Structures are given as structure tokens and as C-alpha cells.
Amino acid sequence: MQQELDLFRRIADRLLTEEAREGVVKPIPAGELWNSLNLSLEADGLSESDFETLLTQVVLSTPRTATHKFFNQLFGGRTPKATLGDLLAVMLNNSMYTYKVAGPQVGVEKAIIKEIIKIIGYPNTADGTIASGGSMSNLIAMLMARDKKDPRARFEGNRKPLVAYTSAASHYSIAKNAAFLGIGRDYVRNIATDATGKMDPEDLVSQIEADKATGLAPFFINGTAGTTVLGVFDPIEPLADIAQAHGLWLHIDGAYCGSVIFSKKYKHLVDGVHRADSFNLNAHKMMGTPLTCSIIVTQHKKHLADSLSNEAEYLYQTDGDDFNLGKTSLQCGRRNDALKFWSLWKAIGTKGLEAMVDRQFALAETAVNYIRSNPDYTLYSDLPSISICFNYKDIPAKTLCTALYEEGELMVGFGSFEADTFVRMVTINAGNDHEHIHAFFKTLEDFVAKHQDRLKESVSV
């Protein structure tokens, strides 16, 4: 193993050097991939030197999400202490379903869940689990909600025409999960949003009452803390009032921006979260841990256990249920996604997490101020949000973002809201400085000036 660790260090050092020198990597076109790299698997293995050469090529050709020029996804950067924790988790290779095979790592996961429960104001009887991502956390929330509405569903299958409600601007996993659970995509109501992208409580009530009048069974409301495109926060208190009045499960999907709970300055954006039946956040987003680490907590420990547990004598042979995490997990075999977040949190403390959140909003403010000061830009989003949506001159967002990507200049995506399509820059990398935000705009502007004819041709075509 020492030989492989030495190789890892050499490749990692090369990657860090190239990241600092080039920023994002110029992509290999998909149609040229198989001819560019020897990825096919063969009967004979490579020599050590050929293996190192090829593996280095593959690593250096991969999109670089940790650089100061990556603004594309709802994650970015590389937090050293969290990366250390993840590397150690790989070395330990524990599965998290029983205390017998995970030992102290069970305590690591439970400590994270316990503190999040405390921070958001849930009772100390609450519980939670770590899932592979926000989509799976939302699936767990919908599963608990379904089983609360119809406790026999987990034995007999869905017996009622259940209906779920979510913002038209929410994550696509709600509809996908409805299909998984046998509820059906057609029974997910996309509630209208206001001009800022927040769910409209009046439209929600109207939809619920209309469904009840036709004999359907509403069971679940999904609110969002950080919508995928605009990064806005649904009004939780009104949603909680509606859920309580109609006996529905309220889940707050904070996968993107739920980490505002760590900030005194921005925690008000999720006021009322303590009233939600469940809540999740992704530490691999605002907290910068390596992918993936999604934490879901619920006030109802009983429903978590009822929906996710199943007896297996061959597996659960020692210790109590509280220490056998497979009893409250969607998966059986499950990698240790807790150690990386725990390592970060333990190293910098809750105050350090707060500083990370505050920094991302400060970077967003820098970007917004720059856009407002330049007449060549049009702003489509507003603070507080870490999704900065804009257009530059008259260049379509898709055309500009694609050209920047293909030339290896910047990685930034585009999105749409109502009739507008725009560049969506996310300031989620707390490792960035304000100078990196200004450098982003300078790179974009210099690129447009250099490639004006090409961009105009793309528009005309």
C-alpha cells in the first residue's frame, strides 16, 4: 500500500500545481474521449510506469471543481480538513450499518445529527441519518410522510391517491421520488411562485383544498431553503401553519442553503424550521466537504425507524438499535460520509462554519455590486442569495457559458426563471476571495471582447 500512497501523493501534487497554473481544464469533447485516453479494459494489466502515466492523464483531464474559476455547480472548492477526513474514511473502509463494524464512527455520525437537531430547535428526542445526497434525503422525507399518512402502505403498498406539494422552482427529485414511491409524478402539485421565486402560500392552500374536494389525500409539503436556480428561501412559517391546519408533513429541503442554520446573520432565512417535520442540508455544498454528505433530521424518531428499519439477524448481532445505524438508514452497506464533515467541524468549530456561510454571502454581495455598477450587465436575482443570475450585453447565456467551458476559461452554468434565461454564478466556494469574484468578471469580459465575432455567429445561427 505504501507504493500506492506515494503514487497518490505524486499525482495529487501534480493536480494542485496544474490547478494553480491553469484553473479549469479545457475539456475533451465527448466524441473524442475514447480516442484521447486509453480507458478500455483489457485482459492484461499495465506496467507500473504506464499505469502512473495513464492515471495522471485521466486525473489532469477531469473537470476541476476546486479552482477559483469553477462557479458551475452548487458545490466547489476543497476544504483541507474535510478532505483529510474523507481520505481517512477511505483508508478505514467501514460500513456504517452496525456498531460492530463501524465503532467510534457511529458516534461521529450521531454527534453531527445531535448538534444539528440542537441548532434548529428540535426536541432532544429527534433523530436523523446521513444519506448519499439531497435527492435521497428528500426520498426519506417523503417515505416517512407517506407512512405516517397510511401506516399500512409499507406492508400493503399505496392504497390511497396521495398528493404532494412543492414549489414550481424546487428540486426535480420531488417528482422523481414520487415515481419511486408509487405515488406518481402526476400527483405532485407544482405550486406557483411569487416574482422573487418563493412559493406562494395562497396558491398552496387553494391546491390542497381543491384536491381534498375531489377525494384525493394530500400528505406532504416540500419547502425549499435555497432554490436550485435563484437560491431563494420559501416562507417556512406560513407553510408550517398550512401543514398544521391540514395535517400534512412539512419537509424543508435545505440541500443547497440549509447550512444558513450555522450563521447568526442569515439563520433568519429559515425562521420556523423548528416547526418542520423534517429538514435536510448538504454539507458538500455550503460546507465544502467532499461529495457526498447529506444530513436529514426529523422530529419523529418513531417514523424514521418505522419507515427505514427491517430486521436482519445475520446483520444486527450486537449492541442496541441506537448504535446500529442501518436500522434508520435507506441503505444497508453505506460508506462513512460523516467523518469528513466531523473533521471539518471539530477543527474549526461552529464559529468556523458560521464564517464560511457569511463569507459566501459576502462574495455574492461583491458580485451583485459589480453587476449593478456596470450597465453592460442585467441582474435577475437579488440578495440574500448565493446564486447570482445575470446576462452580459446581448449574448444568450447558453451561448456564453458553453463557449467559456469549451475554451477552458471558466466553468459557469445557466438557468431559467419564468421567461428569462441567464448565467447563474454561485459563490459557494468559501475558499474564494473578493479578488476571485472580480477576476471572474474580467475573464468573462476579456473573453467576450476576444471572441465577439464567434459569439455573434453563434447567435445568428
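## Starting at Asn93

Let's begin with one residue on the outside: Asn93 has a relative accessibility of 65%, so it counts as exposed. Asn93 sits in the loop between helix H4 (80–92) and helix H5 (99–102). The structure you are looking at is a predicted model, so please read each value here as computed from that model.

The backbone at Asn93 is worth a look as well. Its phi is near 55°, a positive value in a residue other than glycine. Asn93 also has a partner from far along the chain: the C-alpha atoms of Asn93 and Arg334 are separated by 10.0 Å, although these positions lie 241 residues apart in sequence terms.

## Other backbone features

Lys393 offers a second case of positive phi in a residue other than glycine, with a value near 50°. You can find Lys393 in the loop between E10 and helix H14 (397–406). With a relative accessible area of 39%, Lys393 is partly exposed.

Which peptide bonds are cis? One runs from Leu291 to Thr292, with omega near -10°. Another joins Leu383 and Pro384, where omega is about -5°. Both can be placed in loops: Thr292 lies between strand E7 (278–282) and strand E8 (294–298), while Pro384 lies between strand E9 (377–379) and strand E10 (387–392).

## The seven-stranded sheet

Now to the strands. Seven of them make an open sheet with mixed pairing, in the order E2-E8-E7-E6-E5-E3-E4. At the edges are strand E2 (127–131) and strand E4 (188–191), each of which pairs on one side only. On average, neighbouring strands of this sheet are turned by 20° against each other, direction ignored.

How do E7 and E8 run relative to each other, parallel or antiparallel? They run antiparallel, and five bridges join them. To see this pairing at the level of residues, look for Phe279, which stands opposite Val297 in E8. As background, strands of a sheet pair through backbone hydrogen bonds, either parallel or antiparallel.

## Salt bridges across the chain

Side chains of opposite charge can pair when their charged atoms come close. How many salt bridges does a search of the whole structure find? The count is 28.

One of them is formed by the side chains of Lys26 and Glu407, at 3.9 Å from N to O. Lys26 is in the loop between H1 and helix H2 (33–36), and Glu407 is in the loop between H14 and strand E11 (411–417), so this pair ties together parts that are 381 residues apart in sequence. Glu407 is partly exposed, at a relative accessible area of 29%.

Arg335 and Asp86 meet in another salt bridge, at 3.2 Å from N to O. This pair links distant parts of the chain, 249 residues apart: Arg335 is in the loop between helix H12 (301–308) and helix H13 (339–372), and Asp86 is in helix H4. Arg335 counts as partly exposed at 38% relative accessibility, whereas Asp86 counts as buried at 11%.

## A further pair and a network

Asp241 forms a salt bridge with Arg275, and the closest N and O atoms are 2.8 Å apart. Since Asp241 belongs to helix H11 (residues 236–246) and Arg275 to the loop between strand E6 (249–254) and E7, the pair ties together parts that are 34 residues apart in sequence. Asp241 is partly exposed at 41% relative accessible area, and Arg275 is partly exposed at 27%.

Salt bridges can also be followed through a group of residues here: Arg14, Glu18, Arg21, Glu22 and Arg64 are linked in a network.

## A buried aspartate

Is Asp147 buried or exposed? Asp147 is buried, with a relative accessible area of 4%. Asp147 lies in helix H7 (residues 134–149). Its side chain has a polar contact of 2.9 Å with the side chain of Arg146, and another of 2.7 Å with the side chain of Ser307.

## A nonpolar patch on the surface

We finish back on the outside. Met1, Leu5 and Met91 form a nonpolar patch on the surface, and together they have about 310 Å² of accessible area. Leu5 belongs to helix H1 (residues 2–22) and is partly exposed, with a relative accessible area of 32%.

Technical notes
Residues are numbered from 1 along each chain as its sequence is written. This is a predicted model: local features need pLDDT of at least 70, side-chain atom pairs count only at pLDDT 80 or more; totals for chains, interfaces and linings use all residues. Side-chain values use heavy atoms; hydrogens and water are left out. Patches are made of residues with over 30% relative accessible area and no salt bridge: like charges are joined within 9 Å, nonpolar side chains (Val, Leu, Ile, Met, Phe, Trp, Tyr) within 5 Å. Accessible areas come from the Shrake-Rupley method with a 1.4 Å probe; for residues, only the protein chains shown count as cover. A salt bridge is a side-chain nitrogen of Lys or Arg within 4 Å of a carboxyl oxygen of Asp or Glu. Helices (H or I, at least four residues) and strands (E, at least two) are DSSP runs, numbered from the N terminus. Buried means under 20% relative accessible area, exposed over 50%, partly exposed in between (1.4 Å probe, protein chains only). Two strands pair if DSSP finds at least two bridges between them. Axes are lines fitted to C-alpha atoms, for helices over the stretch in contact, and angles run from 0 to 180 degrees between N-to-C directions. A polar contact is a pair of N or O atoms within 3.5 Å; within protein, one must be able to donate a hydrogen and the other to accept it, and residues adjacent in sequence count only if both atoms are side-chain atoms.
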